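Trainee: I am new to this structure and would like to look closely at one part of it rather than hurry over the whole. Could you take me through one chain and then through the place where it meets its partner?

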Amino acid sequence: MSVIPLQVKSVDPILSVRDLKMHFPVKEGIFMRTGRFNKAVDGVNFDIMPGETLGLVGESGCGKSTLGRCISRLYQPTAGEIRFEGRDIATLKRKELMPFRRDIQMIFQDPMESLNARHTVGQILEEPFQIHRIGDRAYRQQRVKELLDVVGLPARSVTRYPFEFSGGQRQRIGIARAIALNPKLIICDEPVSALDVSIQSQILNLLIDLQTEYKLSYLFIAHDLAVVKHISDRIAIMYLGRIVETGAGESIYRTARHPYTQSLISAIPVPDPHHHSHRQILVGDVPSPINPPSGCSFHTRCPKVMEVCRQTSPVLSQDQQPVACHLYE
Amino acid sequence: MSLIKLNPQTAKKLRRFREIKRGYYSFLILVGFLLLSLMGEMLINNRALIVSYEGDLYFPTYSAFHPGTDFGLDYPYETNYRDLQRHFEETGSDNWVLMPLIPYSPFENDASSGIFRPEAPNAERQHYLGTDTTSRDILARLFYGTRIALIFSIGFMAAVYLIGVAVGCAMGYLGGMFDILSQRLIEIWSNIPFLYMVIIVFSVIPDGFTIFARILILLSVMVLFSWTSMTYYMRTETYKEKSRDYVAAARVLGASNTRIVFRHILPNVLSTLVTFMPFTIVSAISAITALDFLGFGLPPPTPSLGELLKQGTQTLRTAPWIVMSAFGTLVVLLTLVTFVGEAIRESFDPKKFTLYK
């Protein structure tokens, strides 16, 4: 895995997200009037380079899955741009999206949920080709066999049903479906958090192998920093709908700048009984994205909170390891 | 690959259904009765199965009508085959008549004494359950009444499911304003009193309508006021399935709405709806019987259980066999269908052991 730094200008990013917002209307009262909005994603900027893995980390409810679903256009974002290979896909209609559907695919958290229990593995893997009208029946069945081989499942799985497989095997089926159309970008929405720890590394290694073989880019969403560190070139930390810090995987670990990142890093368990870490334990819960705090949205839980944090919202700095925090201004 | 390859989960449900003997045998009995009743004219009818006359064979059951003169009788109206049989036997000729098991039609008044009155069961005259107040054979009327009730209920169920599933699925899938408006409309619609509507509709139907048309109108009115309850299940189930990740996965692949509804959502939803089917049939049979009992149901002289029950309650003292046989048939019929329903529900239950085992 090569780390491709942000600064390289010769390569254009495969995906660049600019000021993306996803505000869900909150329907209230008997007339279901829209009074307030759930600002699940509230102004997010990032780039993904070809062949790169961007890890997206945050607590549950911080909007990372919503962000993923905006990019795969399961949601229609409220505002902002999603540029895929230079073309903005944020406002495209279903039919206009079809060519991009082949390039942007998604792997879901729980394969039991994301595979239709009434379809055989063969039917599940054939569906991408049917939808995009690729090849005849014989070709499709041939491709299904190849896909099963690529993800390490026996060819006889074709006639089996998802419930006949173990969790890890099911996720392999989900991965096979995602790579069926030779996509360029795959959004992995916590693809291993529903799996046993022993299976997690197998799936992660499969994803890494596929990346080198097919030159894939990943947006890897997770809440587990250890998992993200294993697979990501760069990491973005998300808090309450915004990215608070980004940087190369290693440097985030060594020199976490944002107090939130620091507390996350300190929470990673170290497999050494003599290791005594200073754990920064955060108090309180994530504030509601319907009523975000004023100023920096982290100020209610920040151990280094200053007066300015309550007033103004910090912007992401423009240096090597961008961070959105008043401490570094 | 075989023509129909069952999903192993469906196969498992079928296997469990077969294991529940009570429901499985009830199902076999009902299906057997239904198939038998489709050729009921060969079992219970006043037209002969075979007439051999002067070396020629006649099959009057499903053929055009034969006037008495065809068989050397002296009347030009339809042959009375029971009399013909007696006539051939008395004259000792080579001609013969093979009558069905019960040689009476449900519409035929067989007044032995010339007066229309209920007659007690009489094996010799082959009125095994007696006759009703207008001297019609009760067994024949029960048989055809049950057949009509069953076919009517199956048609009712099919129509209710078709409308209910379509509307409910659309509500759940489209959601939003369409869902809210449809819900309110359905609430208003389902508050229209059904019985009054039946009375009103039948009071404005012109006399010229055939019995078949009247039955169809009754069916439509019943369906029109019953499909709403189906939408509640469909709507919530569709909402539930729609938000699951396999639908999201299909959408990320670019699947169209039609594809998502017909290939993904419906197959997952319908399996739960199957469990309601027998109970829909039970309620339809009860409803049609109740309407017949009140006199607003199937138009006379259509044989029906409710009509027999009504006669039976009026002649409870003088002819108890009427109410007994009608009541007995109704109880057996509803119990069988309920057993099937219980067994289906049980075999679809993800928890294997429940009280019904």
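Mentor: What follows looks at chain B, then at its contact with chain A, and ends with some parts of chain A.

Before anything else, please keep in mind that this is a predicted model, in which local features need pLDDT of at least 70 and side-chain atom pairs count only at pLDDT 80 or more, while totals for chains, interfaces and linings use all residues. Residues are numbered from 1 along each chain as its sequence is written, and chains are lettered from A and ligands numbered from 1 in the order in which they are written.

Chain B contains 13 helices and three strands, where helices (H or I, at least four residues) and strands (E, at least two) are DSSP runs numbered from the N terminus. Its C-alpha trace extends over about 85 × 50 × 40 Å along the principal axes. The domain assignment, which is automatic or taken from a database, divides chain B into domain 1 (8-36 + 140-348) and domain 2 (46-99), and the C-alpha centres of these two domains are 43 Å apart. Of the 357 residues in chain B, 34% are buried; a residue is called buried if 20 or more other C-beta atoms lie within 10 Å of its own, exposed if 12 or fewer, and partly exposed in between, with C-beta atoms placed from the backbone. Two residues are in contact if their C-beta atoms, placed from the backbone, lie within 7 Å, and of the contacts in chain B between residues at least 6 apart in sequence, 63% join residues at least 24 apart.

A good place to look closely is the pair formed by helix α11 (residues 277-294) and helix α13 (residues 320-348) of chain B, which pack at an angle of about 160° with their axes 8 Å apart. Such axes are lines fitted to C-alpha atoms, for helices over the stretch in contact, and the angles run from 0 to 180 degrees between N-to-C directions. The angle therefore makes α11(B) roughly antiparallel to α13(B), given that angles under 35 degrees count as roughly parallel, over 145 as roughly antiparallel, 65 to 115 as roughly perpendicular and the rest as oblique. On the side of α11(B), the residues involved include P278(B), F279(B) and I281(B), and among those they meet in α13(B) are L330(B), L333(B) and V337(B). Sorted by class, this contact has eleven nonpolar, three polar and no charged residues, where Ala, Val, Leu, Ile, Met, Phe, Trp, Tyr, Cys and Pro count as nonpolar, Asp, Glu, Lys and Arg as charged, and the others, Gly among them, as polar.

In helix α4 (residues 138-174) of chain B you will find M171(B), which is buried because 24 other C-beta atoms lie within 10 Å. Apart from neighbours within four places in sequence, M171(B) is in contact with F178(B), D179(B), S182(B), T231(B) and R235(B). The loop between α11 and α12 (305-314) of chain B holds P301(B), and the peptide bond leading from P300(B) to P301(B) is cis, with omega near 5°.

Now turn to the partner chain, where 19 residues of chain A are in contact with 15 residues of chain B. The side of chain A that touches chain B draws at least two residues from each of α2 (94-103), β6 (104-107), α3 (111-114) and α4 (121-131) of chain A, and α4(A) gives the most, with three residues. By class, the residues of that side divide into eight nonpolar, five polar and six charged. From chain B, Y246(B) in helix α9 (residues 245-253) touches E113(A), S114(A), L115(A), N116(A) and H264(B), leaving out residues up to four places away in sequence. Y246(B) is buried because 25 other C-beta atoms lie within 10 Å.

Within chain A, α4(A) also packs with helix α5 (residues 137-150) at an angle of about 115°, the axes being 9 Å apart. There G122(A), L125(A), E126(A) and F129(A) of α4(A) meet R140(A), R143(A), V144(A) and L147(A) of α5(A).
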